[in-house]
Amino acid sequence: MAERKILLTRQGYEQLQRELNILTGEENAKIAEMLADAREDDQGEEAVFFDAMVSKERLDERVAHLQTVLARAQIIDADEDPNTITPGNRVTVYDTSEKEEFTLDLLDTEEITHGRRGVSLDAPVGRALLGKKVGDKVTVEVPDGTVVYKVRKIDIIPNN
């Protein structure tokens, strides 16, 4: 079975790459120093060594995860269909019951997990909006009940 591509904005991809660089550089050096200090400790502090080992394992897991995400990433650089909502779009919707307009960024779950603000493509609202056009109404079940949104505008998320 082929692994699912992870759709990332250029900004999201670069943010994850920066985090990976920091983790493999500065953080790895700090933990290596902690381990060396713990090994040389004449007091035989096993707790210090254990803490350093746990930190090293967490770092290694995070690095491996980021490497996997980046390797599977497909970068969204352009809006293939500017008239239809697709991943990487900034969508302005009007909530018909609240009588208010707001904007949502549609992002892959991985990008949201790593600190970007937006609506996941896997969330009910994200799934409901995909494929819609300006003027379409979308009815979505959310934790507070049912909401109806009218799509007002579709843009590509800008690279900030």
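A polar contact is a pair of N or O atoms within 3.5 Å; within protein, one atom must be able to donate a hydrogen and the other to accept it. I keep this definition at hand for the entries below, and I note that the model is a predicted one.

**Entry 1: Asp-108**

I looked up Asp-108 and found it in the loop between β4 (100–107) and α3 (109–113). Is Asp-108 buried or exposed? I recorded a relative accessible area of 2% for Asp-108; buried means under 20%, so this residue counts as buried. I then followed its side chain, which reaches the backbone nitrogen of Leu-7 at 3.3 Å. The distance of 3.3 Å satisfies the limit of 3.5 Å. Setting aside residues up to four places away in sequence, I listed Arg-4, Lys-5, Ile-6, Leu-7 and Leu-121 as the residues that Asp-108 touches. Leu-7 thus appears both as a residue touched by Asp-108 and as the owner of the backbone nitrogen that the side chain reaches.

**Entry 2: Ser-120**

I next turned to Ser-120, which belongs to strand β5 (residues 119–120). Its relative accessibility is 14%, and Ser-120 is therefore classed as buried. Which backbone nitrogen does the side chain of Ser-120 reach? I found that of Asp-122, at 3.0 Å. Not counting residues up to four places away in sequence, Ser-120 touches Leu-107, Thr-109, Ile-112 and Gly-126.

**Entry 3: Arg-10**

I located Arg-10 in helix α1 (residues 10–40). With a relative accessible area of 26%, Arg-10 is partly exposed. I noted a polar contact of 2.6 Å between the side chains of Arg-10 and Asp-77. Apart from neighbours within four places in sequence, Arg-10 is in contact with Ile-75, Ile-76, Asp-77 and Asn-159. I also looked up Pro-158, which is 148 residues from Arg-10 along the chain, and found that the C-alpha atoms of the two are separated by 9.3 Å.

**Entry 4: The largest pocket**

What is the volume of the largest pocket? I recorded about 180 Å³. Its lining includes Leu-7, Asp-77, Thr-86, Pro-87 and Ile-156. Leu-7 was met in the first entry, as a residue touched by Asp-108, and Asp-77 in the third, as the polar partner of Arg-10. Strand β2 (residues 73–76) gives the most to this lining, with three residues. By class, I entered six nonpolar, two polar and three charged residues for the lining of the largest pocket.

Definitions and conventions:
Residues numbered from 1 in each chain as written. Predicted model: local features only at pLDDT ≥ 70, side-chain atom pairs only at ≥ 80, totals over all residues. Heavy atoms only, no water. Helix = DSSP H or I, 4+ residues; strand = E, 2+ residues; numbered from the N terminus. Buried < 20%, exposed > 50% of the residue type's maximum accessible area, 1.4 Å probe, protein only. Contact = heavy atoms within 4.5 Å. 1 Å grid on protein atoms, 1.4 Å probe; cavity = no way out; pocket = protein on both sides within 12 Å on 5 of 7 lines; lining within 4 Å. Points joined across faces, edges and corners; volume = space filled by probe spheres on them. Nonpolar A, V, L, I, M, F, W, Y, C, P; charged D, E, K, R; others polar.
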